[in-house]
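Work through the exercises below with the sequence and the model open. Try each task before reading its solution.

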Amino acid sequence: MGDERHGPRLSHDDLNRALLARQHLDVPRDATVLDEVRHLVGLQSQVPSSPYPALWSRLAAFAPADLGDRLLDREVVRVATLRGTVHLVAADDALELTALARPGLATYLRSKNQHGTALAHVDLDDVERAARDLLAEPLTSVELGRRLAQRWEDVDPTHLAYAARCLLPLVQVPPRGLWGASGPGTTTTWTTAHAWLGRSDPALDAVAHDADPDAALAARVRLVRRYLAAFGPASVADAQRWAGLTRLRAAFDALRPELVTFTGPDGTPLFDLPDAPRPPGTAPVPVVLAGDFDNLVLSHADRTRVLGDVPVKSVVSVNGQVAATVLVDGRVAGAWTARPDGEDTVLVEVRPLGADRLRAPGVREGIEDRARSWVGCAWPHARARVVVHDASA
């Protein structure tokens, strides 16, 4: 039974299986990198390598060059957007996603924090215009800040560069983000999405500057629809946590005629697209190695649908680092790392989290199989050495 106002009740297992199906972690998808990036709306990429295991875990066939080539041909970009964090997004989405994020980031720059205090007497519109001109060609954050400080001499260059990052859609340009890239060329270098992609959209500029409420609502409706396709069923609070935006209830209200509703395990109303997959909570799922900073564990206010009884602090550290996780029966059961260990070996280490479900029948074999697959993808000439630690280790 469910709440009569909100529809049938879904269990934690129902929500877990729906999420894994939307994320293509139950059955890897036969699709291109661009297709999957569009479906997921964005993959967190503050660590440039994070999207690689994320895509490998979801696609039936994936090689690092499949993503690297899309970065080089500018079909996907790494840009600060959802939650104010760098994400890998499709080029066609870059301007709209950054436009939706900008009003909140501009408000943050005027708040009582270290940046707001330093920029208190600075006209942010002037900073935006000056930075846009300077970033017609790629610059490092240090160089951008130095050049802006030639005009605002009493402001620390670091705060000026940060303001530009919040106010403009800034792309991190390759080779940053390419698998295996190293050396001086991988220093973070920025340019505007307008310059990198050769396009602009006055309507989205109005959204970015909070100047067209109707256009902003339409963009939020599109965002919520796509969020539900990839992460639903979900609540308004879930969507706001994922996007880093407020005021999404109006978008849900606008979508209500085309949505179905459910009741969550704790009575929370949940919304979904009618034809989206919702396998039963008893549906079998494989062992999954999910990448670090995976939005799988970051995109709901109620994270128990993936974490189960594992505390958030076991996966997300105090300084915001997000571990790569092992999913057993759909829930986080461990954390894993992979690193070269000698000339021809990659060490994959797995540590249990919470109850030691890594000892369940068939789990060790599933972990080893997935670990060998990842090493074969990322380091094709190396062999995997897999170490699964005991809970007491």
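**Exercise 1. Check the length of helix α5 in this predicted model.**

Solution. Helix α5 runs over residues 91-109, 19 residues in total. The expected span is 1.5 Å times one less than the number of residues. For α5 this gives 27 Å, and the end C-alpha atoms are 26 Å apart, which agrees.

Next, look along the axis. At Arg102, α5 bends by about 35 degrees. A proline, Pro103, follows within four residues.

**Exercise 2. Decide how far α5 is enclosed, then place Thr98.**

Solution. Start with the whole helix: 15 of the 19 residues of α5 are buried, so the helix is largely enclosed by the rest of the structure.

Now take a single residue of α5, Thr98. The cut-off for buried is under 20% relative accessible area. Thr98 has 9% relative accessibility and therefore counts as buried.

Then list its partners, leaving out residues up to four places away in sequence: Thr98 touches Val79, Ala80, Thr81 and Pro169. Finally, compare sequence with space. Thr98 and Ala208 are separated by 110 residues in sequence, yet their C-alpha atoms are 7.4 Å apart.

**Exercise 3. Find which side of helix α4 is buried and what covers it.**

Solution. The buried residues of α4 (residues 64-72) include Pro64, Leu67, Gly68 and Leu71. These residues span an arc of only 100 degrees around the axis, which means that they are on the same side of α4. The spacing fits a general rule: an α-helix has 3.6 residues a turn, so residues three or four places apart point the same way.

Among the elements covering the buried residues of α4 are the helices α2 (33-40), α3 (51-56), α10 (193-197) and α17 (363-378). The strands β2 (76-80) and β3 (86-90) are also part of the cover.

To finish, check what comes after the helix. Arg74 follows α4, and its phi is positive, near 70 degrees.

**Exercise 4. Describe the largest nonpolar core and say where its residues come from.**

Solution. The largest nonpolar core contains 62 residues, and Val297 and Val315 have the most contacts inside it. Helix α12 (residues 213-231) supplies the largest share, nine residues. Domain 1 (27-209) and domain 2 (288-388) each give at least three residues to this core.

Now inspect Val315. Apart from neighbours within four places in sequence, its contacts include Val297, Leu307, Val310, Val322 and Leu353. Gln321 and Thr325 are also among the residues in contact with Val315.

A second, separate core has 37 residues, including Leu34, Tyr52, Leu59 and Phe62.

Methods. Residues numbered from 1 in each chain as written. Predicted model: local features only at pLDDT ≥ 70, side-chain atom pairs only at ≥ 80, totals over all residues. Heavy atoms only, no water. Core = buried A, V, L, I, M, F, W, Y, C linked by side-chain atoms within 4.5 Å. Buried < 20%, exposed > 50% of the residue type's maximum accessible area, 1.4 Å probe, protein only. Helix = DSSP H or I, 4+ residues; strand = E, 2+ residues; numbered from the N terminus. Domains from an automatic or database assignment. Contact = heavy atoms within 4.5 Å. Bend = angle between axes of the 7 residues up to and from the residue. Arc of directions from axis to C-beta.
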